[in-house]
Structure formats: structure tokens, C-alpha cells
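Visitor: I am in my first year and would like to learn how the words used for a protein model are justified. Could you take me through this one slowly?

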Amino acid sequence: MWAVSGPAVRVRFAPSPTGMFHVGNARSLLFNWVLARQSGGTMVLRIEDTDAARNRPEWVQGIVDAMAWLGVGPEDYEGPLFQSDYVQHHREAIDRLLAAGLAYYCDCARGQVIARTGSEHKGYDGYCRDRGLPTGDGCALRFRTPDEGSTVIVDLVRGKPTFENALIEDFVIARGDGSPVFLLANVVDDMVMGITHVIRAEEHLPNAPKQQLLWEALGAEPPVWVHAPILVNEKRQKLSKRRDRVALEDFRVEGYLAEAMRNYLMLLGWAPSGDREILPWDDIVAEFRLEDVNPSPAFFDVKKLRAFNGDYIRALSVEAFVEACQPWLTGETTPWRPDAYDAQAFAAVAELAQTRIAVLSEIVPMVDFLFLDEPVADEAAWAKAMKVEAPALLAAVVEAYEACEWRAEALKASLEAIGAERGLKLGKAQAPVRVAVTGRTVGLPLFESIEILGRERTLARLRAALDRLS
């Protein structure tokens, strides 16, 4: 029951349902998934749900949904399996370790250990090793670590980190109520599920020697260890959900494409051949090697991710871009009435907008002037554009636009002529017109926008601006 058998690669992604989906978890998921795909092996989705006080059912669905968004669907993994369903296996492991003399009960409080060792920094001193305490309230179960020798972790990324056994305290493997702690449950689950490779973040490396000792104590060959580099922010601090943007769901809501996120995450610790960074997923799967992962901390650069996303957006066909924007154009959060959205009008400006945004949510301020009854009132933009010459210029534009041909080229020519009469270059002349019509100083090409907005609505906004100026 305990031994990993057979040559097939079996990896696992084992998140806890206790919060949002961290980008570090997403990177670990992708590393596991790619190895399974490369080898023709299997990836297991295991939900580590034994922390009942923190678990919430909706977080389980959130994990599945986040995986699906990244492109890892139910057909790509076995499960989800739940750690809580393996309690009997955990208990059997505890019984085996007790019977072999490799575990014992301990009733020491932390304060007592500090009093005996004289230091808050020293680990447990083995006081209860030979006391023969029975199970009971207030007694934790500890694993008896070897007094001599060392534990070598053969890691595909980090080589062979070596840990002196004498420096590994007798660590707790079960609570007073008999429930296993993470270290034991994690090992037993991996054994029962036949996991051959454990691919996870570097922060788990200190657990590896303890877990390897448990594998060996339970008579099984340890897995291939892979500890990927931690993700850090621009200050080279470990990413923190309290300080940094780390929730995959937030990036999805903001309008990052799954393909861009997936590509970028794979580069956090690994690089393809040549100077390429943006490359097809199939190429990533073909080239990726765990042995080539760099152990140094990887900078999760949101600015670079944003640039990646912009490149991916520009690479979409116009039709695909229009489809990708729909949640932001027709969803419940749009600032215009549902019936005000004009699909044909958006299709007409889509190609212009596609080159000007880096995340899909930016499409809303880019095109809202087309669908709102009145343009957004940006007071800073108004103050900047509506200089002394604005009233006379706008009046002349109204007169010209009442009669000119309603095409972008003609609209531009009319405004150029009006500006030239006043000694203004086109950029200066169009500023008050842009703010009057769109509410902003920057946006889509002005004359194409006006053509699509239409003569009636354009003139109404220009006249409204004149009324305000007067």
C-alpha cells in the first residue's frame, strides 16, 4: 500500500481551500501540468482540506475555476481528491510509527521547553522520548528523528541539500485529538496516491528532510523533489497577499488573458532557448525542463506581465478581440445602460482600440463615449483643453460639422482649416473638440470616433460644451 510502483510519472497539485488562488500556486500548477504532459503521466488535484476551521467550500470551486481559466480542465487531472477522505490511511501510518518505536507522545508545553533549554530559539529537546506517555488530552505525537547521520534531499533544481539529523528536532506529526498535521498527512497522501515527483515552492524545502524521514520510516522510496524558486516583488521581498498583488482572480477580473498569464508564469525561474519570451504554449511544453529551472528568487514583475498581456491582446484577431471584450462591455458593471451598447459601433472601433490597451478592462474608458448619453465629465481634462480660444473654435466647428461630409477625412480637414485660421496646429485645435465629444484628452483617433458617434450626437455634445463655456 505504501510503495510507489511503476515507471509512470504521477505529480500532484495540492492547494488548501483557504483563500484566493495565489500566483505562486498557479506557477506550481503549471510546472506540474507540463511535466505530466511531457511524460504522458498523470497530475492529481488534491484538496488539502483537513484545516476545517479555515476551509470554505467556495474556495474549492475557486481553485477549480482558476485552473480551468489557465487552461487546466477536468480532463487534465485526476480528482479532485480530498485529503479528509484519507483519514484512515493517516491513522494507519500513525499506528505503524508507534509500533516501530519511531513516534512517541509528548505533553510538554512550549514554555517548559524554553525553561529547560534556556532559549526561545532552540527546538524541542526530546524530553519525552523515553517517558512512555499514553495518548490523551494535551499530548501531541512526535516523530523520533535519528540522532546521527544526515538526510540528503536529491532535488532537480537545488542539487543535494544536506541536513544534519542531529539538528532536526523531534517534530509533531499528530495533534492531541489524533488528527495528523500537515507533514504527515502530506506524506501519507503522496504515498497512497503513488506520487513520484513533488514539485512545489522553495518555502517547503525546510519540510523536505522531515518528510523524507517519514517516507523512509514508512518503508517507501521518497519522491523526486523539485523546489521551484520563491516569487518576490520589486524590493526582492517574498510575495505577500497582504502587501502585493497576488490573487489570480484579480488579474482575471482586470482583463489579463489566460494565455499571457500562463506564458509569463512559466518564465518565473525558467527561460526558453534564445532570446524568446513570448512563445506558443506547445513550444513551452516541448522545451521546459525541470533541471533548467534557476534556483534564484524570481521577480514577479507586474509591469512586465502587463506588457506581455498587451502583446497578446495585439496578437488576437479583431474578431477574437471583440469577443474577449464582451464581459466588460455587456456585463453588470458597465457604466452605460444595457440597451445603449451598440455592437456594430464597437466593431467599427475595435481595431483602433486593440492597439491602445494592455488589459481588457481598459476598453471601458476607451469607448464609453459611444454608449453613454453624455461623455464622462473629467474636470482636469476640461480645464486643460478649454482655453481662451475654445468658445470661438467650437462655434466654428459646429457650423462646419453641420454641413460637411460625415467621413473622418472630411471632419479632419474641416478642423484643420478652422485651426489654421486661428494659428493653431491640429493637435491644439482638436483638444477642445475631443474633450467636448469624449470627455477626455486622450483616447481613440478623434475623427474616426466622431464619424462612428454620428453627426447628431456629436453636434449635441459640441453645443453642450459651448453652453457650458458661455
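Visitor: Which residues does Phe31 touch, leaving aside those up to four places away in sequence?

Guide: In this predicted model, Phe31 touches Ile199, Ala228, Met266, Leu268, Phe288 and Val293, where residues up to four places away in sequence are not counted. A contact here means heavy atoms within 4.5 Å. Phe31 itself lies in helix H1, which covers residues 23–39, and its C-alpha is 12 Å in space from that of Glu291, although the two are 260 residues apart in sequence.

Visitor: Why is Phe31 called buried?

Guide: The word depends on relative accessible area, with buried meaning under 20%, exposed over 50%, and partly exposed in between, for a 1.4 Å probe and with protein chains only. Phe31 has a relative accessible area of 1%, and therefore it counts as buried.

Visitor: How do you know what to call a helix or a strand, and where the numbers come from?

Guide: Helices (H or I, at least four residues) and strands (E, at least two) are DSSP runs, numbered from the N terminus. By that rule the chain has 19 helices and twelve strands. Residues are numbered from 1 along each chain as its sequence is written. Because the model is predicted, local features need pLDDT of at least 70 and side-chain atom pairs count only at pLDDT 80 or more, while totals for chains, interfaces and linings use all residues, and side-chain values use heavy atoms, with hydrogens and water left out.

Visitor: What makes Asp76 buried, exposed or partly exposed?

Guide: Asp76 has a relative accessible area of 23%, so it is partly exposed. This residue is in the loop between helix H2 (57–70) and strand S3, and it touches Trp33, Met43 and Gly71, again not counting residues up to four places away in sequence. The C-alpha atoms of Asp76 and Asp49 are separated by 21 Å, with their positions 27 residues apart along the chain.

Visitor: Where is Pro80, and what is the peptide bond before it?

Guide: Pro80 is in strand S3, residues 78–82, and the peptide bond from Gly79 to Pro80 is cis, with omega near 10°.

Visitor: Why do Asn233 and Arg236 get opposite words, buried or exposed?

Guide: Asn233 has a relative accessible area of 3%, so it is buried, whereas Arg236 has 54% relative accessibility and therefore counts as exposed. Asn233 lies in the loop between S11 and H7, and Arg236 is likewise placed in the loop between strand S11 (231–232) and helix H7 (248–254). Beyond four places in sequence, Asn233 touches Leu239, Arg243, Asp244 and Phe299. Arg236 has a phi near 60°, which is a positive value in a residue other than glycine.

Visitor: What makes helix H13 largely enclosed by the rest of the structure?

Guide: Eight of the nine residues of H13, which spans residues 363–371, are buried, and so the helix is largely enclosed by the rest of the structure. Among the buried residues are Ile363, Met366, Phe369 and Phe371. The buried residues of H13 pack against helices H11 (318–330), H12 (343–354), H17 (426–438), H18 (446–453) and H19 (455–469).

Visitor: How do you know that H6 is largely enclosed, and what follows it?

Guide: Eight of the ten residues of H6 are buried, so H6 is largely enclosed by the rest of the structure; the buried ones include Pro209, Leu213 and Trp215. H6 is followed by Gly219, with a positive phi near 80°. Ala220 is in the loop between helix H6 (208–217) and strand S10 (224–228), and with 8% relative accessibility it counts as buried, so the word holds for this loop residue.

Visitor: How do you know where the prediction deserves caution?

Guide: The term to use is pLDDT, the predictor's confidence in each residue, from 0 to 100. The chain averages a pLDDT of 94, and 98% of the residues score at least 70, but pLDDT stays under 50 over residues 1–6. Where pLDDT is low, the predicted coordinates should not be read in detail.
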